[in-house]
Amino acid sequence: MKLLKIKVIGLPLYKDVFEMDFFARQRVESEKNETMHHLFSNIYLNNAIAIMGINASGKTTILKTLSFILNLLNNKPVNNITSNEILEGMNSEQGVCFETYFYCENQTINKLKTVIKKKAGQGEEDNKYFIEDEKLWSKDIKTVKIKKNLLEFNHMLPTMVRNKDEEFLMEDVSIMIALNKKYETGFFLRDMSKWTDFNILSLLGEFPEELIAFLDPSIEYFKINVEGEDFDIRLKFRESEEISLNSPVTLNRYLSSGTIKGIGVFMNAMFVFEKGGYLIIDELENHFNKEIVATLIRFFMDCTVNRKGAVLLFSTHYSELMDEFDRNDSIFIARNRNGITTENLSNILKRNDIKKSEAYQSGFLQGTVPAYEAYANLKNVLINS
């Protein structure tokens with residue numbers, strides 16, 4: 001399955017409706033474009049989507065929203081989704097509406113409309129959210145003649161409607177469970193956002209020698225064997241004695257933070273390449289130099305590596321990374337002015353050949369650099385203190 005668009009109405013943290021497109025909004029010059037995933041006809045998907053913004057602009061919240069939606073579509077109960085914290089602030093009279101558009105392996109375009117509400121009088125430990133209403137529309141891709149009507153479902157009857165009397169469907173599980181079961185499908189997801197503030201080895205096992213050499217050429221070999229709760233870790237640097245460890249936590253003494261994060265990031269990337277899934281990373285540049293981050297983005301944009309159209313969803317403060325993108329429609333600018341908003345860069349910069357990092361750093365995009373007044377006030381405090 002492939003996401004095409006999400007639209008969220010009623011989330012308290014957002015100023016207005018939150019929308020994000022995953023397909024190419026701008027014209028694709030060549031049908032042989034090798035940086036995007038060709039879905040069908042003239043529909044292409046962006047393989048890497050960046051969310052840019054200054055501190056506290058809402059980038060992390062946006063990624064949590066994406067994670068929540070993907071988990072919801074993967075049959076996970078709303079109350080068991082870690083990122084359901086985005087729903088906090090709702091009252092029992094409000095509801096949040098999630099509209100999700102996606103492509104399914106049975107060659108259909110689908111629209112899922114899910115309304116989630118909060119129960120009245122529930123404690124913090126109780127299941128406090130439930131799906132009040134849900135409908136699914138489907139249409140054959142052959143009916144899509146132009147990109148303009150890709151997401152149009154006007155005057156169509158839903159193919160599936162949530163039945164409140166259905167005793168076998170949990171109140172916080174989406175009707176997507178029936179579609180996923182019928183076609184044995186779903187959205188493969190690796191969400192690394194929970195590791196943003198904790199740089200420890202998140203995966204154990206055998207790692208490709210080429211990956212270790214890329215991250216740290218001074219390492220001769222690095223092996224981890226796991227048997228139950230016992231670890232046998234062998235690490236050897238060139239022209240040094242082998243180091244034997246029995247806990248992954250102690251690796252922080254010997255491996256750089258970039259190597260530790262790199263192993264987790266690139267191994268997860270390999271998993272989503274294999275499945276054509278989604279990899280979510282918050283603050284991608286943490287612990288990395290620019291070239292390693294750029295290499296990861298290039299791998300996702302290289303169709304010889306990313307043959308199944310896996311998608312990298314990431315946030316960053318590193319404006320220079322914007323220049324790795326040939327297109328503006330795969331970059332979203334996050335701002336927080338009495339509520340989070342997002343704007344696709346293609347709405348601001350009409351030409352792809354303008355250097356994106358310079359436009360970002362100059363303040364031309366508005367709200368992407370600290371205000372001069374705040375800078376001047378801070379400078380005065382530092383001088384006077």
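This report describes the sheet, the helices, two loop residues, the cysteines and the largest pocket of a predicted model.

## The sheet

Six strands make up an open sheet with antiparallel pairing, and their order across the sheet is E2-E1-E6-E7-E8-E9. Strand E2 (18–21) and strand E9 (160–161) stand at the edges, and because each has a single partner strand, one side of each is left without a neighbour in the sheet.

Within this sheet, E7 is joined by eleven bridges to strand E8, which spans residues 129–140, and the two run antiparallel. To find a place where these strands face each other, look for leucine 112, which stands opposite leucine 136 in E8.

## Helices against the sheet

Helix H1 lies across strand E1 (2–9) as well as E2, E6, E7 and E8, and its direction makes about 115 degrees with E1. Helix H2, formed by residues 176–183, also packs on the sheet, where it touches E6, E7, E8 and E9. The direction of H2 makes about 15 degrees with that of E6.

## Two loop residues with positive phi

Alanine 56 is not a glycine, yet its phi has a positive value near 65 degrees. This alanine 56 sits in the loop that links strand E5 (48–52) to helix H1 (59–73), and with a relative accessibility of 66% it counts as exposed, because the cut-off for that word is over 50%.

Glutamine 107, likewise not a glycine, has a positive phi of about 60 degrees. Its place is the loop between strand E6 (95–104) and strand E7 (108–118). Is glutamine 107 buried, exposed or partly exposed? Its relative accessible area is 40%, so glutamine 107 is partly exposed.

## The cysteines

A disulfide is a covalent bond between the sulfur atoms of two cysteines. In this model the count of disulfides comes to zero, where a pair of cysteine sulfur atoms would have to lie within 2.5 Å to be counted. Cysteine 97 has a relative accessible area of 11% and is therefore buried, and cysteine 104, with a relative accessible area of 0%, is buried too.

## The largest pocket

The largest pocket holds about 380 Å³ of space. Its lining consists of 17 residues, and those that lie nearest its centre are Thr82, Ser83, Asp191, Ser193 and Lys194. Two elements, H1 and strand E10 (189–191), give two or more residues to this lining. Which element gives the most to the lining of the largest pocket? The answer is H1, which contributes four residues.

Notes. Residues are numbered from 1 along each chain as its sequence is written. This is a predicted model: local features need pLDDT of at least 70, side-chain atom pairs count only at pLDDT 80 or more; totals for chains, interfaces and linings use all residues. Side-chain values use heavy atoms; hydrogens and water are left out. Buried means under 20% relative accessible area, exposed over 50%, partly exposed in between (1.4 Å probe, protein chains only). Two strands pair if DSSP finds at least two bridges between them. Contact means heavy atoms within 4.5 Å. Axes are lines fitted to C-alpha atoms, for helices over the stretch in contact, and angles run from 0 to 180 degrees between N-to-C directions. On a 1 Å grid over the protein atoms alone, a cavity is a set of points where a 1.4 Å probe fits but cannot get out, and a pocket is an open set with protein on both sides within 12 Å along at least five of seven lines; lining residues have an atom within 4 Å of a point. Grid points are joined across faces, edges and corners, and a volume is the space filled by probe spheres set on the points.
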